[in-house]
Amino acid sequence: MFTLTDYAGQARTMLPRSVWDFIEGGAGEERTLAANRAAFDRVRLFPRALSGTDRPSLATTVLGRTWRTPLAVAPMAYHRLAHPAGEVATGRAAGAAGVPLVVSTFASRTFEDIKAAACGPLWLQVYCFRDRSLTRDLVARAESAGFEALVLTVDAPILGSRHRDLRNRFRLPKDIGPVNLPDGEFSSPSDHARAEFAPALNWSVVEWLRGVSSLPVLVKGVLTASDARLALSAEADGIVVSNHGGRQLDGAPATLDVLPEIAAAVAGACPVLLDSGVRRGADILAALASGADGVLVGRPVLHGLTVAREVGAQHVLDILASELADAMILTGTSSTGDVAAALLGPRAPALPPHVSDVGTSCAGSGPLPHSAHDLRKADLHGSLRDPLLDTMTFLNEITDRYPAAVSFAPGRPYDGFFDTEDVIKNLRRYLDHLEAGGASPDQVRSALFQYGPTAGQIREVIADWLRDHEDIDVPAESVVVTVGCQEAILLAIRALISGPQDVLLVSSPCYVGATGAARLLDAEVTAVPEGPEGLRCADLRAVVRRERARGRRPRAFYLVPDHANPSGATLPLATRRELLELAAREDILLLEDSPYRLVSPGERLPTLKSLDRDRRVVHLGSLAKTLFPGARIGFAVADQTVVDETTGARVLLADELAKLKSMVTVNTSPVTQAVVAGMLLSDGGRAAEHGVETAAYYGDAMRTVLEQLEAAFPLPERTALGVSWNRPSGGFFLTVTVPFAADEAALARSAKQFGVIWTPMSYFYPDGGGEKSLRLSVSYLSLPEIVEGIARLARFIMSYRAVPAPSKT
């Protein structure tokens, strides 16, 4: 059974990030929603025992119309961004639920189309434009189409510049609704509002609207009793208590907190509705008990529309109606007319709006204490509000919550390879190496205990190892030793992305560490989609040229050529050569990340760097997967020459990366460098020996997963179910396609009911995608655990045979 949270989670995976961010609003709206939700969360409803209430009447009457449930669909712009059916589908859903739809001025379908599809009341949300004739024509068209009321929005004289929309370069569609956008093909929401909205309005606008239309006028955006009385004086026919409409002011009160005072000021002279933050049936009951005649609900309906057209939108409304009925039964309320303030118990203590979502302490001992000195998340970097950074947290929470589950989520090496004594042996081996090279005892001690050079003290060892085992022949000076490959990725992006016009291209799906690092650095990311057969150079070329046509500069393309995380795909040799030619022709760099080569069985294809004759490749390496995860040793090979146009000086890109590193981690731990160097220097190449052993194990693990999937889903059955998977020749990951949304809700169900954990592939698509795929990591589990885990996974997937997927047509 879907919940409103399920619809929101699935909608987020289905919509492009820019559209999702536009629908969800900016930072100011996030704070407003948090304050509104906190107000509802503080409400306490008194339960009643033996009340005899069975089937309460949810009906209410507003402006002479009876609503089946005391809620209406709030105005939201451009429904077609959520689903092509747009307000037509929403109108059908609202009509089927017996509630009104408030149609936005910026609807994505014509008033006539919406009216033809809807079977319930339609109201028009009105923004007053600088050109009053445009507003008058819109109102006349709505009235002619059969709309029943006007909702004048007064809480958004301007729309603030929303950072998400600016970051995404979001533009409003043109020519898809009643209002055509002027001055060009696209416009940002804030630019359009500033250009077209009339900001200097006063209460006379209500009289003007009443003069150009016979429809009743409600005023939306009232937050004080004094404004409510002014609305009555202006002969408004209704009041909507709302703080949604683009209000960006900190400290704006929560609607539920001001509702009782406004309702008392109105004293029944006109209907009072509440908009903003309603997410549960109990919220509706709390609003009614606080003086409202009904509520408006917006974003949850769009989430339902995104997932399953009018069926999803109607289901959202039905969920709220069902929850309201349950709350009325529990409080002994037989009808909406019987709702009274007596239902409300003492409210929980109020918290500052910006800390209303209570976290847990690091020790897991319960809620964190709040104080007047708490920081506001809105004042921290925007990446901390990015859903991308929440994905790993969610996975960790699921893993901690269900410790008995078999987890295919972590992409970490198998623990069985490690021997504690090897740390001491390899440390000693490196110290002996230094002594054999002529280092004095003081120099050896300093190499272990002091900070050491920023670029790393084992650069020569890594360069020799790369030459011997990867055919990458570069001077040691071009190597920078980093704290894991993650730091190498971050340094490379920081160095190469120098301005707002610069773009980092990434393969899609993409390792979240790369897209996450870009987000931390405010670097623009553009996805290059991979097809079923992997990356095509033609697709990369098209993206490069499209970005240039937009006035942007593609600087580098990040990819994992060997057994990629998350897809498991490997780039063929011919494609590698073609990619290098393309990089030279289009003047871009390639950021090659290949951590899985030495832990994969079979013959290895040459790295891009070993084929690179034009210094187009920055090789990002890791010795964590291969040798020693806890050491966190990575490296960057950056042998490109950087020319100072002012002085003419020439240095290696590695030197520039080292400068950045000096401001990030100062240097990489000399102790962990020493241990890893000892492994690289071992007799016969301990690294090579270790690689053979681990590659054989991981090869067996991958084969076991594939064999168990074949056994669990024979060809006829998996074809009928719509289940499939790829067959990587190595690495840690493979991808399974399933006939349902493999989202966080499904993952939680999988862990709780079936005891198996995986990773939603949608996490790895920068521009949306992968909604019906999941990633399995084969590396961390023993073979018996893999057998048991795939059996559990099969039972979980099979459980969806009887569950019809929501319609998207």
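**Figure 1. Gly291 and the helix before it.** Right after helix α12, Gly291 takes a positive phi of about 120°. Helices here are DSSP runs of H or I with at least four residues, strands are runs of E with at least two, and both are numbered from the N terminus. Keep in mind that this is a predicted model, in which local features need pLDDT of at least 70, side-chain atom pairs count only at pLDDT 80 or more, and totals for chains, interfaces and linings use all residues. Residues are numbered from 1 along each chain as its sequence is written, and side-chain values use heavy atoms, with hydrogens and water left out. Helix α12 itself covers residues 281-289, and 8 of its 9 residues are buried, so the rest of the structure largely encloses it. Buried means under 20% relative accessible area, exposed means over 50%, and partly exposed is in between (1.4 Å probe, protein chains only). The buried ones are Gly281, Asp283, Ile284, Leu285, Ala286, Ala287, Leu288 and Ala289.

**Figure 2. The chain as a whole.** Zoom out for a moment: the chain has 28 helices and 25 strands. Of its 809 residues, 55% count as buried. Contacts (heavy atoms within 4.5 Å) often link distant parts of the sequence: among those with a separation of 6 or more, 73% are between residues 24 or more positions apart.

**Figure 3. Where α18 meets α23.** Helix α18 (residues 484-496) and helix α23 (residues 653-662) have axes that come within 10 Å and cross at roughly 110°. The axes are lines fitted to C-alpha atoms over the stretch in contact, with angles running from 0 to 180 degrees between N-to-C directions. The two helices are therefore roughly perpendicular to each other, a label for angles of 65 to 115 degrees. On the α18 side, the contact uses Glu487, Leu491, Ala492, Arg494 and Ala495, and α23 brings Leu657, Leu660 and Lys661. Sorted by class, that makes 5 nonpolar, no polar and 3 charged residues. In this sorting, Ala, Val, Leu, Ile, Met, Phe, Trp, Tyr, Cys and Pro are nonpolar, Asp, Glu, Lys and Arg are charged, and the others, Gly among them, are polar.

**Figure 4. Pro453 and a residue far along the chain.** Look for Pro453 in the loop between α16 (441-449) and α17 (459-469). Pro453 is partly exposed, at 43% relative accessible area. Ser662 sits 209 residues away along the chain, yet the C-alpha atoms of Pro453 and Ser662 are 9.4 Å apart.

**Figure 5. The second largest cavity.** There are 5 cavities of 30 Å³ or more in the structure. A cavity is a set of points, on a 1 Å grid over the protein atoms alone, where a 1.4 Å probe fits but cannot get out; lining residues have an atom within 4 Å of a point. The second largest has a volume of about 110 Å³, taken as the space filled by probe spheres set on the points, which are joined across faces, edges and corners. It is lined by 13 residues, and Glu530, Leu535, Val560, Ala569 and Leu571 lie nearest its centre. The lining breaks down into 8 nonpolar, 3 polar and 2 charged residues.

**Figure 6. Leu579 and its contacts.** Leu579 belongs to helix α21. Leu579 is buried, with a relative accessible area of 0%. Setting aside residues up to four places away in sequence, Leu579 touches Cys537, Leu540, Phe557, Leu559, Leu571, Leu590 and Leu608. From Leu579 to Leu535, 44 residues apart along the chain, the C-alpha separation is 9.7 Å.

**Figure 7. Two cis peptide bonds.** Ser508 and Pro509 are joined by a cis peptide bond, with omega about 15°. You'll find Pro509 in the loop between β13 (502-508) and α19 (512-520). Another cis bond runs from Asn565 to Pro566, where omega is near 20°. Pro566 is in the loop between β15 (553-559) and α21 (573-586).

**Figure 8. Positive phi without glycine.** Leu63 isn't a glycine, but its phi is positive, at about 50°. Its spot is the loop between β1 (60-62) and β2 (65-67), and Leu63 is partly exposed at 35% relative accessible area. Arg615 also has a positive phi, near 50°, and belongs to the loop between α22 (608-611) and β17 (617-622). Arg615 is partly exposed too, with a relative accessible area of 44%.

**Figure 9. Arg650 on strand β20.** Arg650 is part of strand β20 (residues 650-652). Its relative accessibility is 59%, so Arg650 counts as exposed. Apart from neighbours within four places in sequence, Arg650 is in contact with Thr641, Val642 and Val643.

Key. 1 Å grid on protein atoms, 1.4 Å probe; cavity = no way out; pocket = protein on both sides within 12 Å on 5 of 7 lines; lining within 4 Å. Parallel < 35°, antiparallel > 145°, perpendicular 65-115°, else oblique.
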